[in-house]
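Open your viewer and get ready to select a few residues at a time. Each stop below tells you what to pick and what you will find there.

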Amino acid sequence: MAVRPTPRIVALGGGGFSMEPRDPRMDDTILELTGKRRPAVCFVPTASGDSPQYVRRFEAAFPSKRAQASHLSLFQRDRGSLREQVLAQDEVYVGGGNVANLLVIWRLHGLDRILKEAWRKGIVLCGVSAGALCWFESGLTDSLGPQLEPFANGLGLLRGSACPHYDGEVLRRPRFTKLIASGALPAGTAIDDGAGAFYEGRRLVRCAATREGARVWRVTRAEGFPVEEALPTALLPR
């Protein structure tokens with residue numbers, strides 16, 4: 001009987017090649033999930049407007065000896081089938097930027113449905129900041145204006161809300177906890193810079209970090225007050 005693949009998502013609060021270019025530990029740990037010596041990894045820079053500089057940084061971080069790197073552009077459709085390109089990957093890595101724009105553009109091109117299919121097939125999905133938020137039902141974002149605002153139209157592969165940069169931007173923590181306490185956002189996961197939340201299916205199975213003190217948090221509501229629980233987060237070995 002065929003073994004059903006395990007859907008996997010890794011949500012990074014801030015880190016990876018775009019924020020820690022000299023520390024490959026988190027990205028290497030995610031690559032290992034593919035089980036491949038030289039996996040096919042596709043970068044999706046939609047949230048940055050397909051920034052050429054961001055793509056070049058990705059390509060520099062994933063040279064040919066490390067991975068078979070490619071990127072998927074939705075602002076300049078210069079390839080064939082999106083579905084064929086995505087389903088040929090071992091890992092899909094979503095960059096940071098504007099998550100509100102990302103979701104609109106993905107749905108316009110049908111990439112949201114393709115990524116859900118990839119998830120069910122066991123292709124590792126990961127991302128940082130906006131690339132972490134997009135997998136959840138809802139979250140906290142600066143994509144809608146100068147203030148941090150809730151959004152509620154994520155892909156919903158992961159339940160509840162999310163907040164990246166939990167310790168990296170001073171307003172994130174008080175705003176996220178306030179919105180959960182008020183019921184404006186459901187209970188969720190907050191991720192510090194340098195930390196990652198590893199999911200199998202919809203279950204959080206591991207938390208890891210590249211620096212001391214970085215954590216993944218569970219934030220819930222009790223009697224109108226926020227409750228923060230620091231989850232066990234292992235420091236990745238050097």
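The tour goes from helix to rings to charges and ends at a contact across the chain.

**Before you start**

This is a predicted model, in which local features need pLDDT of at least 70 and side-chain atom pairs count only at pLDDT 80 or more, while totals for chains, interfaces and linings use all residues. Residues are numbered from 1 along each chain as its sequence is written, and side-chain values use heavy atoms, with hydrogens and water left out.

**Stop 1: helix 5**

Select residues 99-109, which make up helix 5. Helices (H or I, at least four residues) and strands (E, at least two) are DSSP runs, numbered from the N terminus. Now colour Val99, Ala100, Leu102, Leu103, Ile105 and Trp106: these residues are buried (buried means under 20% relative accessible area, exposed over 50%, partly exposed in between, with a 1.4 Å probe and protein chains only). An α-helix has 3.6 residues a turn, so residues three or four places apart point the same way.

What covers the buried residues of helix 5? Show strand 2 (40-44), strand 4 (91-94), helix 6 (111-120), helix 7 (130-133), strand 6 (136-141) and strand 7 (149-151), which are included in that cover.

Next, look at the two ends. Asn98 caps the N-terminal end, with a side-chain oxygen 3.1 Å from the backbone nitrogen of Ala100. After helix 5 comes Gly110, with a positive phi near 80°.

**Stop 2: where helix 5 meets helix 6**

Keep helix 5 and add helix 6: they pack at an angle of about 85°, their axes 5 Å apart (axes are lines fitted to C-alpha atoms, for helices over the stretch in contact, and angles run from 0 to 180 degrees between N-to-C directions). That makes helix 5 roughly perpendicular to helix 6 (angles under 35 degrees count as roughly parallel, over 145 as roughly antiparallel, 65 to 115 as roughly perpendicular and the rest as oblique). On the helix 5 side, pick Trp106, Arg107 and His109, which meet Leu111, Asp112 and Leu115 of helix 6 (contact means heavy atoms within 4.5 Å).

**Stop 3: the aromatic rings**

How many aromatic pairs does the structure hold? There are 14 (rings of Phe, Tyr and Trp, its six-membered ring, pair if their centres lie within 6.5 Å; planes under 30 degrees apart count as stacked, over 60 as edge-to-face and the rest as tilted). Zoom in on Phe17 and Tyr54, a tilted pair at 5.9 Å centre to centre with 45° between the planes. This pair links distant parts of the chain, as Phe17 is in helix 1 (residues 16-19) and Tyr54 in helix 3 (residues 52-61), 37 residues apart.

Phe17 is buried, with a relative accessible area of 5%, and Tyr54 is buried at 9%. The rings of Tyr54 and Phe43 have centres 4.9 Å apart and planes at 70°, so this pair is edge-to-face. Finally, show Phe17, Phe43, Tyr54, Phe58, Phe62 and Tyr93 together: they form one aromatic cluster.

**Stop 4: charges over rings**

Stay with Phe62 and add Arg66, whose charged end sits over the ring, 4.6 Å from its centre (the rule is NZ of Lys or CZ of Arg within 6 Å of the ring centre and within 35 degrees of the ring normal). Then jump to Arg173, which lies over the face of Trp217 at 4.5 Å from the ring centre.

**Last stop: Pro237**

Select Pro237, in the segment after strand 14 (234-235). Is Pro237 buried or exposed? At 67% relative accessibility, Pro237 counts as exposed. Add Arg25 to finish: the two are 212 residues apart in sequence and 7.8 Å apart in space, C-alpha to C-alpha.

How values were computed: A polar contact is a pair of N or O atoms within 3.5 Å; within protein, one must be able to donate a hydrogen and the other to accept it, and residues adjacent in sequence count only if both atoms are side-chain atoms.
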